[in-house]
Amino acid sequence: MFSKKFIAASERYGTADNPVPAPLFRKNFVCAGSVTAAEITVCGLGFYELYINGVNITKGLLAPYISNPDDLLYYDTYNIKPYLQSGENVIGLLLGNGFLNAAGGYIWGFTEAAFRSAPKLALHAEITFSGGEKLRFEADETFKTHDSPILFDDERMGEIYDANKEIPDWCAPNFDDSGWKPAVKAAAPKGAAVTPIAEPIVKTGEMPPVAILPSGDGFIYDFGVNSAGLCRLKIKGGKGQRVDMYFGEVLKDGILFQENIVCDKNVRYSQHDAYICRGGGTEVFVPRFTYHGFRYVYVTGITKEQACADLLTYLVFNSDLKEVGGFDCSDAVANKLQEITRRSTLSNMYYFPTDCPHREKNGWTGDLVLSAEHMLLNLSVENSLKDWYRNICLSMREDNCVSSIVPTSGWGSGHGPAWNGIIIYLPYFIYKYRGDLSLAEYGREYIKRYMSFMVSTIREDGTACYGLGDFVPTGRDPEDYYCPLEITTSFITMDSFKKCGYIFELLGDAESAASAYKYAEKMKAAIRLKYFNAKTLTMMSETQTAQAMALYFGILQADEKNGAAEVMVNIIHRDNDHMRLGVLGGRILFHVLSRHGYTDLAYKMITQSTYPSYGNWLARGATTLWEEFYEEGTKISSLNHHFWGDISHWFISSLGGICYNPCCDNLYSLNICPHFPKTLTHAEAYHLSPVGKITSKWRQNGQEIILDITVPEHTFGKIAVSDGYTFEDGKNEMPLLSGKYLLVKDGKKNEK
């Protein structure tokens with residue numbers, strides 16, 4: 001049962017400058033007979049920890065979810081029978097601020113949210129005894145409350161804990177709570193009650209420091225890689241000793257640099273935890289209601305003797321996802337890029353994909369449009385994305401535009417179709433890679449509404465122009481090769497109409513499908529007329545992004561494609577064979593190059609060590625994907641973003657050759673189309689699809705390549721090879737079948 005009876009410790013909520021301690025709640029109840037079943041359904045806002053008779057049974061970090069509670073209220077259900085005893089029992093809860101009171105989210109208007117309030121909870125308990133009797137209760141004023149040792153908590157800012165204020169056995173039976181106050185009634189948020197399907201946030205690893213460096217009045221702990229999570233502090237300190245920990249991604253002149261992880265350059269309240277010792281023995285502290293993105297921790301308030309390796313341990317957290325795909329090859333650079341893409345993806349999966357795990361922790365919708373395919377090919381993200389989609393739909397504004405960050409309290413709109421189009425792209429990709437139409441069905445009316453918004457953005461000449469465009473472009477002088485906003489907006493709006501049409505076809509709505517396709521065709525004609533020179537086969541602006549989009553989004557005639565691809569390659573050569581584009585172009589360029597026979601060039605652009613390139617990031621010590629490509633010494637922005645991660649999709653689909661459900665029409669449809677860069681001697685990829693595991697491996701042997709593939713039963717499609725290789729019979733295509741295949745170069749086998 002989803003109870004809507006909420007209680008709080010008081011009506012007062014804390015701010016950054018005037019904090020309120022996190023509240024504890026407890027309630028006694030008696031089990032007078034043998035228990036046959038016992039269940040609690042709880043909604044703790046913003047976050048909660050749940051205890052039964054002193055045992056923490058919470059599902060994971062930051063339970064239950066991160067949402068706008070006026071849109072959706074998330075309830076977790078627990079079987080508490082194993083924790084109950086005959087006689088007196090206790091339910092205990094600890095509440096954190098979470099999204100309900102997000103003081104650190106003032107940049108995005110979270111502090112102005114209509115739902116902002118003190119932490120509150122609702123629960124329903126039902127206990128069944130062997131005789132059939134039931135004990136039921138909800139959260140009410142019979143719950144007692146008291147301040148906890150958590151003096152301050154905020155998801156973005158951090159947590160302050162005073163161990164001297166601990167209350168031993170506070171949620172154990174027979175505890176004297178006569179000094180505690182009764183809870184007070186609290187207003188229920190407006191959101192609909194739901195059960196989360198997103199995986200919980202769990203600890204997935206531990207890392208010791210690789211170096212401890214004296215710095216100023218403290219010490220810097222270096223954990224070797226950038227990631228996301230918490231630090232476990234283990235210290236034998238004096239009573240009242242305060243240990244402060246500041247978290248960041250980079251050092252500058254030997255000092256922790258935090259300015260890249262705050263939006264307004266105010267580092268006062270950024271990624272900071274503090275612990276005040278009670279003294280008398282070894283103490284262990286792990287924050288409850290925050291997390292950080294970091295590689296380095298600057299610790300003050302400790303002695304040189306206390307600055308040992310055991311003082312801090314990096315606890316890596318992320319949503320509890322499973323690996324469903326991967327890539328490996330003969331080049332350490334590509335393998336490292338696959339590794340850091342995976343790390344950036346996981347460290348930004350906290351129920352939903354965030355843009356970064358430090359500065360914002362926001363669910364930027366455009367970031368997922370860019371990353372959906374590499375995420376779905378690599379990890380079991382579908383439940384997390386499906387849960388997030390419900391929130392995305394409910395974020396739709398009165399003008400039918402989708403919010404650019406979700407959850408939101410109203411901030412963020414009009415960032416462009418690559419952001420707002422999440423309402424279309426997410427159900428499309430979930431259907432393509434998982435065969436699940438439930439998102440499209442859930443979002444049907446929201447998609448229709450968004451389509452009306454897209455129509456309103458079309459200009460008289462049939463094109464569109466608004467939003468961010470080809471965001472964070474690479475290079476020294478972006479204005480010299482930045483794809484015009486009107487081109488990217490028009491292409492992605494056109495593609496959104498196409499995908500709308502396809503989704504409506506799947507849903508059996510022929511009228512809406514026909515309307516969407518009509519707008520797509522009109523925009524295609526307008527783009528060709530205004531931006532494409534059919535004589536020179538060149539897009540206006542002569543940029544990598546514009547030329548790649550013309551080829552990728554299908555505005556060219558069959559006899560124009562090869563020539564347009566040559567123009568694109570000439571533009572790249574003009575740019576010294578380096579990336580001169582933003583994230584919108586970056587997602588498609590390498591796929592387009594491979595499709596037109598330029599895989600070697602694509603591989604070079606990705607892996608070369610000179611700026612700007614992914615390989616240059618590695619040469620400069622990157623352990624996660626960065627937000628931007630910039631020259632060393634010029635600036636520092638976020639060092640942990642996932643939206644440049646489509647290279648992993650390219651590794652799996654172009655080098656490994658796994659092209660799953662290429663026409664998005666059948667889960668059993670599969671093509672194996674590997675490419676063979678001269679710099680690689682072998683490559684392999686796999687994907688665990690809904691119909692079974694797909695593997696593709698190849699290894700060069702002189703003029704020959706051995707291709708070894710395994711495909712699930714009943715899959716159909718083709719095996720196609722290129723780059724001058726053919727099968728032994730001289731053909732470059734054959735029907736899809738598992739097995740080993742000998743490929744020869746220029747029709748020649750190795751000499752005996």
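The residues lining the largest pocket divide into 19 nonpolar, 10 polar and 8 charged. The model is predicted. The pocket holds about 1,100 Å³ of space. Its lining comprises 37 residues. Lys432, Tyr552, Arg595, Cys659 and Pro662 lie nearest the centre of the pocket. Two or more lining residues come from each of α2 (365–378), α5 (422–434), α7 (485–506), α12 (589–595), α15 (646–655), β32 and β37 (716–720). Among these elements, α5 gives the most to the lining, with 5 residues.

Two cis peptide bonds are described next. One joins Val406 and Pro407, with omega at about 5°. Pro407 sits in the loop between α3 (382–394) and α4 (417–420). The other runs from Tyr611 to Pro612, and its omega is near -5°. Pro612 belongs to the loop between α13 (599–607) and α14 (614–619).

Positive phi values also occur in residues other than glycine. Gln271 is not a glycine, yet its phi is about 45°. The residue is placed in the loop between β22 (255–257) and β23 (272–276). Gln271 counts as buried because its relative accessibility is 0%, and buried means under 20%. Cys664 likewise has a positive phi, near 55°. Cys664 lies in the loop between β32 (658–660) and β33 (669–672). At 0% relative accessibility, Cys664 therefore counts as buried.

A further loop residue is Glu628. Its place is between α14 and α15. The relative accessible area of Glu628 is 15%, so the residue is buried, the cut-off being under 20%. The side chain of Glu628 forms a polar contact of 3.3 Å with the side chain of Ser637. Leaving aside residues up to four places away in sequence, Glu628 touches Val472, Trp617, Lys635, Ser637 and Trp644. Ser637 thus appears both as a polar partner of Glu628 and in the list of residues that Glu628 touches.

Several elements recur across these sites. Strand β32 gives two or more residues to the pocket lining and also borders the loop that holds Cys664. Helix α15 likewise gives two or more residues to the lining and borders the loop that holds Glu628. Helix α14 borders the loop of Pro612 and the loop of Glu628.

Key:
Residues are numbered from 1 along each chain as its sequence is written. This is a predicted model: local features need pLDDT of at least 70, side-chain atom pairs count only at pLDDT 80 or more; totals for chains, interfaces and linings use all residues. Side-chain values use heavy atoms; hydrogens and water are left out. Helices (H or I, at least four residues) and strands (E, at least two) are DSSP runs, numbered from the N terminus. Buried means under 20% relative accessible area, exposed over 50%, partly exposed in between (1.4 Å probe, protein chains only). On a 1 Å grid over the protein atoms alone, a cavity is a set of points where a 1.4 Å probe fits but cannot get out, and a pocket is an open set with protein on both sides within 12 Å along at least five of seven lines; lining residues have an atom within 4 Å of a point. Grid points are joined across faces, edges and corners, and a volume is the space filled by probe spheres set on the points. Ala, Val, Leu, Ile, Met, Phe, Trp, Tyr, Cys and Pro count as nonpolar, Asp, Glu, Lys and Arg as charged, and the others, Gly among them, as polar. A polar contact is a pair of N or O atoms within 3.5 Å; within protein, one must be able to donate a hydrogen and the other to accept it, and residues adjacent in sequence count only if both atoms are side-chain atoms. Contact means heavy atoms within 4.5 Å.
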